[in-house]
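Biologist: I want to walk through this model by question and answer. Please show the reasoning and spell out every cut-off.

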Amino acid sequence: MSIVSETRSICPYCGVGCGVIIEHDATQITGVRGDPEHPANFGRLCTKGGTLHLTMTPQVMAQRLTHPLLRTMKDEARRRVSWDEALDHAADKFAQAIAGHGPDSVAFYVSGQLMTEDYYVFNKLARGLIGTNNVDTNSRLCMSSAVTGYKATLGADSPPCCYEDVDHADCLLIAGSNTAWAHPVLFRRIEDARAANPQMKLIVVDPRRTDTAEAADLHLAILPGSDVALYNAMLHVLLWEDLVDLDYIRQHTAGFEALKAIVRDYTPAMAADICGVKADDIVTAARWFGQAPAALSLWCQGLNQSIHGTDNNAAVIHLHLATGKIGKPGCGPFSLTGQPNAMGGREVGGLATLLSAHRDLSNPEHRAEIARLWGVADLPATPGLTAVELFEAVQRGEIKALWIASTNPAQSLPNLKRVHEALAKCPFVVLQEVSADTDTTAFADLLLPAAGWGEKEGTVTNSERRISRVRAAVPAPGEARADWRIVVDFARRLEDRLPPCEMALFPYEGVEAVFNEHRTTTIGRDLDIGGLSYALLEQSGPQQWPLRAGVTAGTPRLYADGIFPTASGRAAFKPVQHRPTAEATDARHPLHLNTGRLRDQWHGMSRTGVVPRLFAHAPEPAIEMHPRDMERRGLADGDLVRLKGRRGTLVLRAAASNTLRPAQTYVPMHWGGRYMSGPGVNALTLPANDPVSHQPELKHAAVQVEKFATGWHLVAMRRDDQGSLHAALKRWLARFDYATLTLAGRESAVVVLRAWGNTDCPPPPPELLAELAAATGLDSPQMLAFNDARRGVAKRALIEDDRLAGALLCKETLATDWLLDLIVRGGSTAELRKWIFAPLATPPAAGPARGRIVCNCFDVSENEIRAELAAGLDLVALQAKTQCGSNCGSCLPELKRMAAASQVAVSPAPTS
């Protein structure tokens with residue numbers, strides 16, 4: 001029996017930075033649990049973090065990118081090459097581009113998935129060796145408006161709060177964040193704080209009635225793009241009712257009079273018209289915030305992903321500055337990061353507009369400081385290309401060599417048609433990746449296998465400025481290498497091909513040496529970590545910056561003394577005004593499109609998308625619409641619809657939802673071309689940027705929705721014990737008018753291909769069905785078949801060892817749900833065999849299909865929960881019987897909502 005070892009690390013999902021304990025046998029990761037000693041989560045994990053070990057199973061590892069692959073012509077297949085050949089080829093291509101077109105003809109697009117050390121060497125490679133500021137990150141898409149908002153008001157990109165502030169807050173304002181889904185471990189802490197302090201007020205600002213909004217004492221369902229109007233109106237009320245701290249304003253801030261003159265006009269009535277909420281609710285929110293001894297605000301993409309994201313951030317921060325509620329327990333403006341190391345990237349200058357240690361690219365003294373530290377003559381002064389600008393430059397032919405690391409721009413950037421054109425046009429594209437199959441992979445000329453979670457060393461920084469050690473538990477598969485090692489090995493080769501430097505820029509033999517150099521760059525800066533080391537992190541655990549030399553513990557809160565990192569030492573109010581969204585609705589595009597997250601998926605699903613149980617809560621792509629909008633268009637729940645925008649179209653299933661206002665729609669951001677026909681929702685989003693942060697407005701676009709009339713439906717389901725079938729079937733998505741390719745199951749995977757043809761399209765011919773049966777492994781002597789050629793109905797089923805292993809249904813698909821349940825459960829077919837081809841939604845010999853899974857930890861379905869509630873169980877009894885919601889707690893908000901709805905349904909009618 002293998003000896004189980006344990007290694008402490010960090011969850012690679014959201015920016016909460018949860019500590020995890022990896023269980024392994026030194027060759028394979030076998031389990032994971034929350035680290036009870038880590039101060040970010042104290043042992044808690046969400047559904048995604050709790051299934052991390054399932055992203056490292058032998059079946060998943062067999063699909064990993066394990067060797068460098070190269071093509072020298074765009075139309076040829078890639079071939080396996082050695083690391084030496086791969087990196088020499090890349091160095092030649094970059095050197096040729098630099099020699100022929102200058103250093104700004106190359107670029108790097110990296111990721112918040114990287115360690116801080118990885119980010120640091122990428123930054124030094126681009127700016128120090130090559131001489132270009134063209135190094136940007138996918139954090140541009142989620143956090144750059146928080147960076148510029150903090151800098152504009154507080155003087156530096158330094159979130160002043162800590163998670164402990166949740167425990168001390170009397171009023172909590174959550175803006176533009178479905179924290180219950182996007183940061184579920186933090187939301188558990190919020191629930192605990194409210195239980196401990198029943199007087200605590202929770203205000204949620206979100207156009208949708210999310211699980212987070214459902215839990216609020218006050219939900220402000222504002223119209224898209226009206227954030228500044230709301231917060232200016234709240235400040236108006238704070239002023240009118242004498243709830244501001246004038247002493248704090250006079251002693252510690254500047255610019256208040258100019259903002260005061262603006263917000264004088266933002267009466268609650270005026271803002272109510274702009275925001276679409278009640279004036280009285282705005283007044284209530286302001287009073288709760290102003291009267292609370294301690295007020296804390298949390299926000300995420302709803303504020304950031306906007307053409308006025310910087311102003312949105314500033315408007316929230318103003319509320320804290322005006323009331324002096326900053327730098328104290330339970331107080332402050334707290335931006336939540338969306339990736340595990342978005343903060344670390346910001347610390348080392350991973351954005352094209354920043355330099356190491358929060359230095360400004362536009363500041364000659366700052367550039368000179370880094371040049372001296374690196375031993376180079378100077379650093380480039382020309383601003384680098386930010387994410388959207390970068391791919392526009394690629395499309396124009398200005399970028400000759402592009403290096404992409406640990407991110408998937410072919411799925412995540414706005415206006416994907418243009419992005420795909422750009423990637424196809426770029427002369428040389430390098431992709432440094434863990435997964436062999438992302439939307440971006442098809443465009444790569446050189447694929448470099450990178451070590452993934454559980455396989456590499458370094459540090460990351462979470463939302464509360466807490467730096468944690470990331471440790472390797474197992475070796476990387478095949479020839480995969482750590483990201484920093486790949487960059488250093490490439491940089492040394494490129495050094496030999498460029499004019500010589502005075503000193504070797506990349507002397508590192510270990511990742512700790514990179515960290516030590518990064519630490520040196522921070523000394524004397526706001527994020528000074530001169531007193532931090534790997535040894536201290538090992539001995540004392542994760543630490544918050546700043547942690548200067550001579551001290552032994554980090555700093556939980558900033559600005560307690562009212563002194564800010566500005567020239568005057570004062571924080572700044574900015575004269576922000578309401579401005580509309582970049583794209584207005586009109587008669588041709590009358591609906592607002594909002595985008596966001598699912599509870600159990602993450603980003604482009606290259607990691608979560610290999611875990612079957614994480615599909616159970618939201619099994620396939622869908623657009624949520626208000627029932628009234630569906631009725632007007634003659635739509636029923638589950639119908640296919642076509643979304644039409646100004647940049648593209650997309651087909652999806654429609655789902656009726658009362659969480660939205662009329663004229664608003666919602667599509668999750670995660671689904672891309674690996675799971676559906678079309679590239680995903682970013683085919684519709686627009687590349688308009690905030691002028692300061694350069695963050696695109698991914699949160700809003702104008703669309704129309706119309707029914708997509710279908711003539712037939714096909715479903716193919718097959719158990720996949722090897723883990724290779726999903727990738728093998730991906731090419732089938734393009735063969736139908738619309739199709740989805742997803743997973744189901746729990747202990748083993750079931751691949752599910754659904755396809756539709758429009759009314760003009762005849763049903764699939766027998767030859768295509770035979771080809772599909774062969775592709776799914778159904779074509780064995782044991783396969784059962786039924787055909788009705790006159791009606792175009794065809795059915796196939798494969799039974800192995802008395803268990804249904806797969807099925808194919810064409811045109812008559814009523815039995816899909818219960819057949820899928822049967823494949824997933826692996827139960828005996830003895831009683832059901834005669835009903836397998838019957839056109840029945842529920843077989844006579846069994847109960848109804850289980851339906852959507854609500855509790856992923858204990859595999860409890862929506863139908864099972866409803867049945868127990870209907871039988872008279874309350875939430876406590878339900879949890880005692882089924883255990884649902886008793887582990888990670890991600891499903892608790894939904895369980896509470898279902899229990900409350902059940903109580904309302906059974907309440908007796910009032911008597912007269």
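**Helices**

Biologist: Are α9 and α12 roughly parallel or roughly antiparallel to each other?

Modeller: In this predicted model, the axes of α9 (residues 227-240) and α12 (residues 268-275) cross at roughly 165°. Axes are lines fitted to C-alpha atoms, for helices over the stretch in contact, and angles run from 0 to 180 degrees between N-to-C directions. Angles under 35 degrees count as roughly parallel, over 145 as roughly antiparallel, 65 to 115 as roughly perpendicular and the rest as oblique. The α9 and α12 helices are therefore roughly antiparallel.

Biologist: What ground rules apply to the numbers?

Modeller: Residues count from 1 along each chain as its sequence is written, and side-chain values use heavy atoms, with hydrogens and water left out. Local features need pLDDT of at least 70 and side-chain atom pairs count only at pLDDT 80 or more, while totals for chains, interfaces and linings use all residues. Helices (H or I, at least four residues) and strands (E, at least two) are DSSP runs, numbered from the N terminus.

Biologist: In which hand does α9 cross α12?

Modeller: The two axes come within 9 Å. A crossing is left-handed if the near helix is turned anticlockwise from the far one by less than a right angle, and right-handed if clockwise. By that rule, the crossing of α9 past α12 is left-handed.

Biologist: How many residues of α4 are buried?

Modeller: Buried means under 20% relative accessible area, exposed over 50%, and partly exposed in between (1.4 Å probe, protein chains only). Ser144, Val147, Tyr150 and Leu154 are among the buried residues of α4. Helix α4 spans residues 144-154 and is mostly covered. Of its 11 residues, the number buried is nine.

Biologist: Which residue just after α4 takes a positive phi?

Modeller: Helix α4 covers residues 144-154. The phi of about 100° follows directly, at Gly155.

**Aromatic rings and charges**

Biologist: Which class fits the ring pair of Trp403 and Phe490?

Modeller: The whole structure holds 23 aromatic pairs. Rings of Phe, Tyr and Trp (its six-membered ring) pair if their centres lie within 6.5 Å; planes under 30 degrees apart count as stacked, over 60 as edge-to-face and the rest as tilted. Trp403 and Phe490 have ring centres 4.5 Å apart and planes at 55°, so their class is tilted.

Biologist: How many residues apart are Trp403 and Phe490?

Modeller: Trp403 lies in strand β16 (residues 401-405), Phe490 in helix α21 (residues 483-497). Trp403 is buried at 1% relative accessibility, and Phe490 is buried at 0%. Both belong to a ring cluster that includes Phe94 and Phe428. The pair links distant parts of the chain, and the separation is 87 residues.

Biologist: Over which ring does the charged end of Arg469 sit?

Modeller: A charge sits over a ring if NZ of Lys or CZ of Arg is within 6 Å of the ring centre and within 35 degrees of the ring normal. Lys201 does this with Trp288, 4.8 Å from the centre. For Arg469 the distance is 4.2 Å, and the ring is that of Tyr534.

**Strands**

Biologist: In what order do the six strands close into a barrel?

Modeller: Two strands pair if DSSP finds at least two bridges between them. The barrel pairing is mixed, in the order β23-β27-β24-β26-β25-β28.

Biologist: What is the average twist from one strand to the next in that barrel?

Modeller: The barrel has mixed pairing. β24 and β26 run parallel over four bridges, whereas β25 (residues 640-644) and β26 (residues 649-656) are antiparallel over five. From strand to strand the twist averages 45°.

Biologist: Which residue of β26 stands opposite Ile623?

Modeller: Ile623 and Met625 form the covered face of β24 (residues 622-625), with Ala622 and Glu624 on the uncovered one. Glu624 has Tyr666 in β27 as its bridge partner. Opposite Ile623 in β26 is Ala654.

Biologist: Which are the edge strands of the open sheet of seven strands?

Modeller: The sheet runs in the order β5-β4-β18-β17-β16-β6-β7, with mixed pairing. Pairing on one side only marks the edges, β5 (79-80) and β7 (135-137).
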